Each structure stands twice: as C-alpha cells, then as structure tokens.
Amino acid sequence: MSIFRFLNPFAVVREYIKRPIEVFVLNQYLGYKKKTDDSITSVKELVYRVAIITLFITAILWISIFMYVGFYNIYMPNVTHVRPVHFQFKPCEDKAGICSYPYAYVQLTRQSHILMPKQPYRIKLMLEMPESQVNKDLGMFMVCVQMRAKGGFLVSSSCRSAMIRYRSILHHIMRTFVLSPLYLGGVDEEKQQLKVELFSDFEDDPANPATDAYVELQSRFAQVYSSELQVQAHFTGLRYLMFNWPKISAVFGICTNLFFVSLIFILSWYHLQDGLPDFIKNKFRPDLKTEEEDTKFMGKVKLEREDSALFDEDALLKEFQQIETKETKKT
C-alpha cells in the first residue's frame, strides 16, 4: 500500500506539498493574528495613556493661565482715568469778560472708591488754550485742585503754576506759513496743550476714598478751549514690571503657576492613588505586582507541581501492576 501511495501523484502532492503549505500558512496566519491582537491592545493602552496625560496637561495649563489672569485683574489697577472738566464762572454785568475764577466739579466715581489704596497716582490737568494775545500776555497763573470724599470731606489739595510756551515772532511767522494749509482746511488750529501735574504721588485714603475733584484756575483772564483731568497710576516694583513688560511677565507668571500646580497634582495623585479602583491602577501599573499576588502565584505553581508529581507516580504504579498481571497469566 505504501508503494502505491508514493506512486499516486495526487497523494504525494497532498501529503508533501499541499498539507505542509496549509500548515505553514495557518501557522503564519495564527501568529500574525496574535501579534496583531497584541499590537492593537498595546495601541489602545498607549492611546488611553496619551489621552489621560493630555487631559491632565491641558487642565493644568488652563488653570495656570486663569490663575495669572485673575491675579493680574486683582493686583493691577486701571492705568488711566480720564474725566472731562467743564469750567464755570460768574460773568460780569457791566463789562465783557468774567468776574470770578473759572472752577469745575469733577465726579470721579459714583461708587465708594475708584483708586486702589496704597497705589501712587499722578493727577494731571490737560488744558487746551488758544495762542491768543490775551494768553500770551497772561504769563503765569495758578491751577489748584482739591480731592474730596463723599460728603465734601477734604482728602488732599494741591496748586501748581502754568504758562503757555513762548514762541518768538520769527518762529510764529514760519510756523504759520508752513501750517497755513492745515489752518485754512480746519485740520489744525493755533493752540497749545498745557500739561499741569497737580499730584506726583497721590495715594488714596482707604477710610475716606476720593470720589470728586474741585478744579480752579486762579486767573480771570485765562482763555481755555477744553480741559480734562487725568489720573494715571504710577507703578513701582512688580506692578511696574507687569505693566511695562506684559508678555515677559505673563510667560514667567504662567510658568511659575504651572510648576506649582503640577507639583500639587503629582503629590495629590500619589497620595490618592491607593484609594483608586483596581482597573485604573492596572492601567497605569500593569507590570507591578503586590507581595500577596506573588505568594499566591508561587503557591499555585507549587500545587501544580505536586499534583503533576502524584499523577506520574500513580500512572507508573498502574503500569507496573499491569506488567505483573501479564507475566502471571503467561506462567
């Protein structure tokens, strides 16, 4: 039969070509499938870990940014407060002109306070005055301001001198000739803007915060187009750095918050990790095993070895008994 089997070409092809190829292909397929399943599992694990880490990093980054923004809004005051100044006066009855000093009440805020306590401020009065002959002949005049709280309580007062800039006749003629198209078109005017610094380091009183200002020009001949009161924060120290270099300060502040928030997150994670569910622990620590698991595993292996040894001894004993019975029957 074996000779005919070898002479049969179909049997030879089936036994020595087809079947080995099928076995080889099947083994390759099973191995590839196993590797693919393992790789898919590892990819899922990697994606899961990357998603968790990305979520934590994003949360920490946004928390750091919001902390810096909140600190900036609380710590940094408004840089400039601008209020228009509308002067009033008593007109003369028997001649043209005014018979009192121009004065104005400026309301800074309707609330309890507008200025930050213990923050120095520069208070300036901007006067827009025409280059008229009256203002040129006026010379120096006094500008006074009183900072008052609610109820008219006087917080502080100051007086400063002011004067329009002197320009010679030649300078005036040349300037008028060059700028005459702008003057004729109404784009520019023959005027000067005076900047009078009334307070260099004004600090608001927390007990009686300033809410109003009383401004007075101590000259009956001063001619003014318009005026406004500017309250500018005079920054020093950290506020000076945050105001003049906002981008560098923002990067430094966010990085500092990021460091401390990350440290808190890491310490909290290791502190609370013992109370997490087992499946989360296994996700992050799949290779770590406890001592109890090791002892259980070693005990299980030991029992399997003992069971296999007993099984082998029983099998050998039965074989010896069968051999002895066969020999007794032959005799």
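The following paragraphs lead through the confidence, the sheets and the largest pocket of a predicted model.

Residues are numbered from 1 along each chain as its sequence is written. In this predicted model, local features need pLDDT of at least 70 and side-chain atom pairs count only at pLDDT 80 or more, while totals for chains, interfaces and linings use all residues; side-chain values use heavy atoms, with hydrogens and water left out.

Confidence is expressed as pLDDT, the predictor's score for each residue from 0 to 100. The chain has an average pLDDT of 78, and 75% of the residues score at least 70. Helices and strands are DSSP runs numbered from the N terminus (helices H or I, at least four residues; strands E, at least two). Among these elements, S4 has the highest mean pLDDT, 93, and helix H8 (residues 278–284) the lowest, 53. Over residues 286–291 pLDDT stays under 50, and the model has two contacts beyond four places in sequence for this stretch, a contact being heavy atoms within 4.5 Å. Residues 307–311 also stay under 50, with zero such contacts.

Strands of a sheet pair through backbone hydrogen bonds, either parallel or antiparallel. Here two strands count as paired if DSSP finds at least two bridges between them. One open sheet has four strands in the order S1-S8-S3-S6, with antiparallel pairing. Strand S1 (80–84) and strand S6 (191–202) each have a single partner strand, so one side of each is left without a neighbour in the sheet. Five bridges join S1 to strand S8 (residues 226–233), and Arg83 has Leu229 in S8 as its bridge partner.

Another open sheet of four strands follows the order S2-S7-S4-S5, again with antiparallel pairing. Its edge strands are S2 (103–107) and S5 (154–162), each of which pairs on one side only. Strand S4 (residues 141–148) is joined to strand S7 (residues 212–218) by seven bridges; Cys144 has Glu216 in S7 as its bridge partner.

The largest pocket has a volume of about 320 Å³. A pocket is an open set of points, on a 1 Å grid over the protein atoms alone, where a 1.4 Å probe fits, with protein on both sides within 12 Å along at least five of seven lines; lining residues have an atom within 4 Å of a point. The volume is the space filled by probe spheres set on the points, which are joined across faces, edges and corners. Of the 12 lining residues, Phe56, Ile60, Phe265, Ile266 and Trp269 are the closest to the centre of the pocket. Helix H2 (9–75) and helix H7 (246–272) are the elements that give two or more residues to the lining, and H7 gives the most, with six.
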